[in-house]
Structures are given as structure tokens and as C-alpha cells.
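Please describe the fold of this protein and the surroundings of its two ligands. A plain report is enough.

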Amino acid sequence: MLPSPPHDVVLITSEIFPFSKSGGLADVMGALPVALRQLGLRVAVVTPLYGRMCTAKYPVRLVYENCPVGFPWPETTFDVYAANYQGVPVYFIDRPEYFDRRGYYCTSKGDYFDNGERFIFFCRATLSLMRHLSFNPRIVHAHDWHAALTMAYLYFAREEEPFWQEVKTVFTIHNLAYQGRFSYRLFELSGLPLEAWSMDGVEFYSSFNYLKAGIAYADWVTTVSPSYAQEILTPAFGCGLEGILQHRQDRVIGILNGMDTAVWNPSQDSFLPCSYSCDDLRGKAECKLRMLDRVGLSHYFVDRPVLGFVGRLRGQKGIDMVLDALPGLMALDAGLVVLGEGNPAHEARLFQAVEDYPGQVAAVVGYTEEMAHVIQAGTDIFLMPSRYEPCGLTQMYSLRYGTLPVATAVGGLRDTIIPYPLANATGFMFAPATADRLVETVRQAIAVWEEQETWQEMQRRAMRSDFSWERSAREYARLYRSLDPHLECPVFEARADNP
Ligand code: ADP
Ligand code: GLC
């Protein structure tokens, strides 16, 4: 049975695991609503119904037909599907001409030409859905540029429409580099009032910037780690939006993501050939052996460290830095396996590296959830040389799998890894982000790996790191309550009764 409205907190997202996923946003959206629900909040999620969706575990069913979008498309309608996802109702907006495509946002040749229109539609449809199904939300919480326009629509609607008058808004930035920038024509199509076209609004160097709409108009702006919340106020990390972020500085905070400890758990991971835990690490060696065979690395590396990389093959993640560092890394007598897809130039270099170092470098180019788990478990050292990292989830997974990270000292990496040689170290960090520093830091990590006792101590500590969603969900709940003191949140009520 689907939990029925009212839905006090409505999260709006373009991806949610396990239904749809292209990166960490989906993981967060698959876990945060469940954690909020466990605190006792009445929460719902709205997302598009894509052609490519995984509905095997949580079936979706039609709940509403021909819902009108209203302004600016008076004639257009959409259907609504829904699923009960661990007690959280997830509503899917169905309009095949926009969302029934092979990709979510792009093909291998580039972004869909109508992304601007697709996500105006999504935002308008979401607001219409909340009204037609009487959600009566108190908090609307939008994520990333795809959902950001809802913040602007609500800002203006609050002044005019009683239904929205009391609603408070939160906007979360998962990655400032993806802004959704379109032409003035799209602004006209959006139906936002002309006053929104200003420096303090959605205008950005004569373009229509969706992410900026979220920053400018939400009651609170959050991002996914405290360090990134500081960094984005500076030109080096602000992607041109540091000005408006500084302007709203007293309403910008960082709340560190959690991780889904049920999906990412080496003692209960159905993708792995055998399980292990911080109390008994023996199974990790078997995971490594089987992984070497799967990806075509030599058995020589049973007794030498293997480096792993899982992520989008983009400049953000520093895959080019890994490729530049390759001669130095290979000279350390380590193996390397990379899982990822992205920039065709990086992919081509990677294939070349596999040819240059047969049995020592392996690559899996593509997107496979299973291989992400297999590589996290089967490697010794996890490479995460990101140039910037709003939070990063893969390093949290690697910590939990006892695969100690070598990472740059930026954003969420700084907030999740305790760097060697601190007494309670869980990984290795470096700055500045250069290939030389990467090689040096991997050399340092391998020196510790060679002292297996110290290494295993670090592994155990890393595996015990607490990244539970409960902690983060409480911070969001506290923020919602600061906006709406009447929001029912039993976990806080219980504490007040029972101090
Ligand atoms: P980002 O969202 O910036 O890509 P995160 O570290 O927050 O980075 O999250 C990335 C998520 O995507 C993780 O769940 C990771 O395992 C997954 N992932 C990235 N690339 C691949 C891939 N090629 N195959 C499978 N999973 C991937
Ligand atoms: C973005 C960021 C990543 C973060 C994820 C989830 O994709 O690049 O750092 O972990 O969102 O918040």
C-alpha cells in the first residue's frame, strides 16, 4: 500500500537509486528519504519516469491519469506512476516524449537538445502533481539543476496562491559545475516573471541558469559537505556562482552525505564471491583473486598491491592525472584496474594503457553496478584524485571495504578521510592535485601496505568509520524544523519528552 498524503516533506530529484542512476545523486536520493522516514517524517519523492528504469524490486503502478501541467502548457497533461520504496512513496512523472529515451540527459554525442524544456516541464509538472494529489507539503526540497526551477516557481507562487503560502524551500547542490544553462528563449517558455531575469535572479551572463534559480530563491541552500560549502564561496571552486553564493552566505550550509550501509556492506554483498568484515578480513584476499581473473590482471598481483579507480572518466575525478602518472605508478610494482565511462579521449588513453601494460593495467569501460562492488572489494588502494569533490561516495565505499583511499585534499574527501600519518588515519591525502604528488602519495601508501600489521589496523579503522545516513538525516530534519517549527518530527518530540 502506498502511504497516502499529506506528505510534509517532498524531495524532487532527477535520479533515484535503484530506479535510475547515473552517479552519486541517485545513491543519495535512494537513501536520504528512507532515513528521514525512519526519523518519523512524512516524506515523498518526485522524479521522472524514464524509459530506462529498474523496477524489478519495487514495481511502479499508475495512480493518476491526464494530470494537467497548467501554465505554461495549458493543453498538456502527464500521467503519474508510483512505487512504495521502503515505506516512502515515490511518484514518477510520465511524459514519454520527454523521458522515454535511452539516456537520462544525453547520448554519446552530447546533451539532448531539449534538456532545458524537459526540466521546465518536470518542475512545472511536479508542482501540479503536488496540488492535484493534495500533497499539502510543508517543505519542498529540490536537488541539483534539474529540479532547481521549482524553487523559483514557489518563491513567486507563495505571494499569489494560498496553497503554497506556508511552504518552505530547501535546495541542495550536489555539483556546482553542472548548472543547466540555456537561452533567454527558455526563460520566456518557463513562465517565470520578468523580475526573475536579474543578477540576483536567474540571469547569468545573458543566459538562463537553472542552478542559480535554486541558489537565489530557496529559503536555505545546502551542499553535500561542510568543506565544499566553504570552497564554493571562492572563485577557485565557485564556477562563476561564488558571487551569488556569497550574497546568500548566511543561508548556505554543508551537510555531509551518508552512505547506504545495506547496499555497501562487504559482509553481506551478493555481488562478491565471498564476504568479509573488519573482524575477519580473510575473505578480502579471495575477492582480490577472483577480481584479478575477472578483469584480466596477472596473479603476480596476489602479493603486490592493486590500485582501483571507479568513477566518471571526467576531469573532475582526475582520471587524466592517473593516466599521466601511469609510468610512475607502474614503477611502484602495483597493478591498476579502472571502471568508468565518460570522456572518449580518456577512454582511448585507457585502452592504450591496457595494451602498454598487459596484465598490470585493466579497464572496464561502461557502467556496471556489479563491477563497482567487485573492484571496491578486490583492490587494496582506492585512487580518488578529484580536482574538486562536493562530497564523494566512492571513497566512503572504499573505506567500508577496507580499500584505503589515496585522495586529494578537497571538499568531501577532506571531511571523510583521516590522513596518514595521523594516529587514527584511514587513508592518504595530497595537495596540490598533480600527477607527481599522486605518485608520491601512492608510494607512501605502498610503504605502509608492506607493513601488513599497520595496514590492517588502518583497514579496520577505515571499515568502522561511521557514515550512517541517520546522522545526516537528523541535520536535514533540524534544518526543516528551523524553517517550520510545526513540522512533525517524532524523533525530536520523543527527545523533548525524554531528555
Ligand atoms: P559522482 O556523483 O560525482 O559521480 P560519487 O562518488 O558521489 O561521484 O558517486 C558515484 C556513484 O556512481 C557511486 O555509486 C559509484 O559506485 C557509481 N559509479 C560511477 N561510475 C560507475 C561505473 N562506471 N559503473 C558503476 N558504478 C559507477
Ligand atoms: C555529485 C558530486 C559528488 C557527490 C554526489 C552526491 O555527483 O560530484 O561529490 O557525492 O553528487 O551528493
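The report below covers the overall fold, the two ligand sites and some local backbone features.

This is a predicted model, in which local features need pLDDT of at least 70, side-chain atom pairs count only at pLDDT 80 or more, and totals for chains, interfaces and linings use all residues. Residues are numbered from 1 along each chain as its sequence is written, chains are lettered from A and ligands numbered from 1 in the order in which they are written, and side-chain values use heavy atoms, with hydrogens and water left out.

## Overall fold

The protein has 19 helices and 20 strands; these are DSSP runs, numbered from the N terminus, with helices being H or I of at least four residues and strands E of at least two. Its radius of gyration is 23 Å, close to the 23 Å that the globule rule gives for 499 residues, so the protein is as compact as a globular protein of that length. Here the radius is taken over C-alpha atoms, and the rule is 2.2 Å times the number of residues to the power 0.38. The C-alpha trace spans about 70 × 55 × 40 Å along its principal axes.

The domain assignment gives domain 1 (9-258 + 469-495) and domain 2 (282-463). Such bounds come from an automatic or database domain assignment. The centres of domain 1 and domain 2, taken over C-alpha atoms, are separated by 33 Å. Domain 1 puts 21 residues into the contact and domain 2 puts in 19 residues, where contact means heavy atoms within 4.5 Å.

## Ligand 1

Around ligand 1 there are 19 residues, of which Lys 21, Gly 24, Asp 27, Arg 312 and Lys 317 come nearest. A residue is counted as near if one of its heavy atoms lies within 4 Å of the molecule. By class, this shell has five nonpolar, nine polar and five charged residues. In that scheme Ala, Val, Leu, Ile, Met, Phe, Trp, Tyr, Cys and Pro count as nonpolar, Asp, Glu, Lys and Arg as charged, and the others, Gly among them, as polar. Domain 1 and domain 2 each give at least three residues to the shell around ligand 1.

Polar contacts (pairs of N or O atoms within 3.5 Å; within protein, one must be able to donate a hydrogen and the other to accept it, and residues adjacent in sequence count only if both atoms are side-chain atoms) are listed here for both ligands.

| Ligand atom | Protein partner | Distance |
|---|---|---|
| Ligand 1, oxygen | Arg 312, side-chain N or O | 2.7 Å |
| Ligand 1, nitrogen | Thr 368, backbone N or O | 3.1 Å |
| Ligand 1, oxygen | Leu 393, backbone N or O | 2.8 Å |
| Ligand 2, oxygen | His 174, side-chain N or O | 2.7 Å |
| Ligand 2, oxygen | Asn 175, side-chain N or O | 3.4 Å |
| Ligand 2, oxygen | Gln 316, polar side-chain atom | 3.1 Å |

On its own, ligand 1 has 560 Å² of accessible area, and the protein covers 94% of that. Accessible areas come from the Shrake-Rupley method with a 1.4 Å probe; for residues, only the protein chains shown count as cover. Helix H1 (24-38), strand S16 (335-340), helix H13 (369-378) and helix H14 (394-400) are the elements that give two or more residues to the shell around ligand 1.

## Ligand 2

Ligand 2 has 14 residues around it, and His 174, Asn 257, Glu 389, Cys 391 and Gly 392 come nearest. Its shell has six nonpolar, six polar and two charged residues. At least three residues come from each of domain 1 and domain 2. An oxygen atom of ligand 2 is 2.7 Å from a side-chain N or O atom of His 174. Taken alone, ligand 2 exposes 310 Å², of which the protein buries 92%.

## Local features

Arg 95 lies in the loop between strand S5 (88-94) and helix H2 (96-99). Its side chain reaches the backbone oxygen of Thr 77 at 2.7 Å. Not counting residues up to four places away in sequence, Arg 95 touches Thr 76, Thr 77 and Phe 121.

Tyr 420 and Pro 421 are joined by a cis peptide bond with omega of about 10 degrees. Pro 421 sits in the loop between helix H15 (411-416) and strand S20 (428-430). The peptide bond from Ala 431 to Pro 432 is also cis, with omega near -5 degrees, and Pro 432 is in the loop between S20 and helix H16 (435-449).

Asn 66, in strand S3 (residues 61-70), has a positive phi of about 55 degrees although it is not a glycine.
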